[in-house]
Amino acid sequence: MKTKRTVFILLTALLFFLVVTILVITENEPVAALNHSLYLLLTGEITQTWTTVSIWVGSLTHWYSYTPILLLLLLIPSTRMKIGVPLGITLGVSALAGPIILKNVFAIERPDHNQLIDAGGFGYPSGHSLNAMVFFGMCAMMVWLHSSRRPLYVGATIFAAFAILAVGLSRIYLGVHTVTDVIGGYSMGIVILCAASLVYDRVREQNPSLFGGD
């Protein structure tokens, strides 16, 4: 049942990503107008404080932010195979899929209005949003799998949702991504998360000894 639900979510997210991609590539006018309207709504007041906060929030998905956590999980024997290796592989796929493959395949420019920071490369999909979905989503998923404490996995879910949303909004506020860039990143992030979940469950089922017999 769980596998069927995961596959359904994966296919739905993939279809949604394809629809958003088509709308962006064809420069759909209503979508462009929506992007602009939501940008104006979000940036009603640009201040140095909000700019600093947005830059900091965006940095949460940079390699130097999660690498120490990943290394710690890999060094601890009890978390190495259960969490560290799956997280590292999934983050590697995310880093490859977003900034390196998808951005260059679609070659869609970033928005050209009021960029508050310098950002290189193409815009669609948002790599920060994709990585945020994968990193925080994967962390929450590991808590769900390996903790029986309801307050812990409820808290992890709330924190992950807040962090993912904050990263996306920060990129729009900074003027380096549109709403559709962020939604595209989220959608592909869900695809990668679901694929990782399916592979993880299959490997754990076939090789329980790798995970301490759980």
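Helices here are DSSP runs of H or I with at least four residues, numbered from the N terminus, and the model in which they are assigned is a predicted one.

**View 1. A nonpolar surface patch that includes L18 of helix α1.** Helix α1 covers residues 2-25, and L18 lies within this helix. Together with V7, L11 and L14, the residue L18 forms a nonpolar patch on the surface, and the accessible area of these residues together is about 300 Å². L18 has a relative accessibility of 43% and therefore counts as partly exposed, since that class lies between the cut-offs of 20% for buried and 50% for exposed.

**View 2. S59 in helix α3 and its contacts.** Helix α3 is made up of residues 48-59, and S59 has its place in this helix. The relative accessible area of S59 is 14%, so this serine is buried, the limit for that class being under 20%. When its neighbours within four places in sequence are left aside, S59 is in contact with Y64 and with S65.

**View 3. The loop between α5 and α6, with A107 and P125.** Helix α5 spans 77-106 and helix α6 spans 127-146, and P125 is found in the loop between them. The peptide bond that leads from Y124 to P125 is cis, and its omega is near -10 degrees. A107 is also found in the loop between α5 and α6, and its phi is near 50 degrees, which is a positive value in a residue other than glycine. With a relative accessibility of 36%, A107 counts as partly exposed.

**View 4. C139 and C194, two cysteines without a disulfide bond between them.** A search of the whole structure finds zero disulfides. For C139, the closest cysteine sulfur is that of C194, and because the two sulfur atoms are 16 Å apart, they are too far from each other for a bond; a disulfide would need the pair of sulfur atoms to be within 2.5 Å. Seen from the other side of the pair, C194 is in no disulfide, and its nearest cysteine sulfur is that of C139, 16 Å away. As for their surroundings, C139 is partly exposed, with a relative accessible area of 28%, whereas C194 is buried, with a relative accessible area of 9%.

Conventions. Residues are numbered from 1 along each chain as its sequence is written. This is a predicted model: local features need pLDDT of at least 70, side-chain atom pairs count only at pLDDT 80 or more; totals for chains, interfaces and linings use all residues. Side-chain values use heavy atoms; hydrogens and water are left out. Helices (H or I, at least four residues) and strands (E, at least two) are DSSP runs, numbered from the N terminus. Buried means under 20% relative accessible area, exposed over 50%, partly exposed in between (1.4 Å probe, protein chains only). Contact means heavy atoms within 4.5 Å. Patches are made of residues with over 30% relative accessible area and no salt bridge: like charges are joined within 9 Å, nonpolar side chains (Val, Leu, Ile, Met, Phe, Trp, Tyr) within 5 Å. Accessible areas come from the Shrake-Rupley method with a 1.4 Å probe; for residues, only the protein chains shown count as cover. A salt bridge is a side-chain nitrogen of Lys or Arg within 4 Å of a carboxyl oxygen of Asp or Glu.
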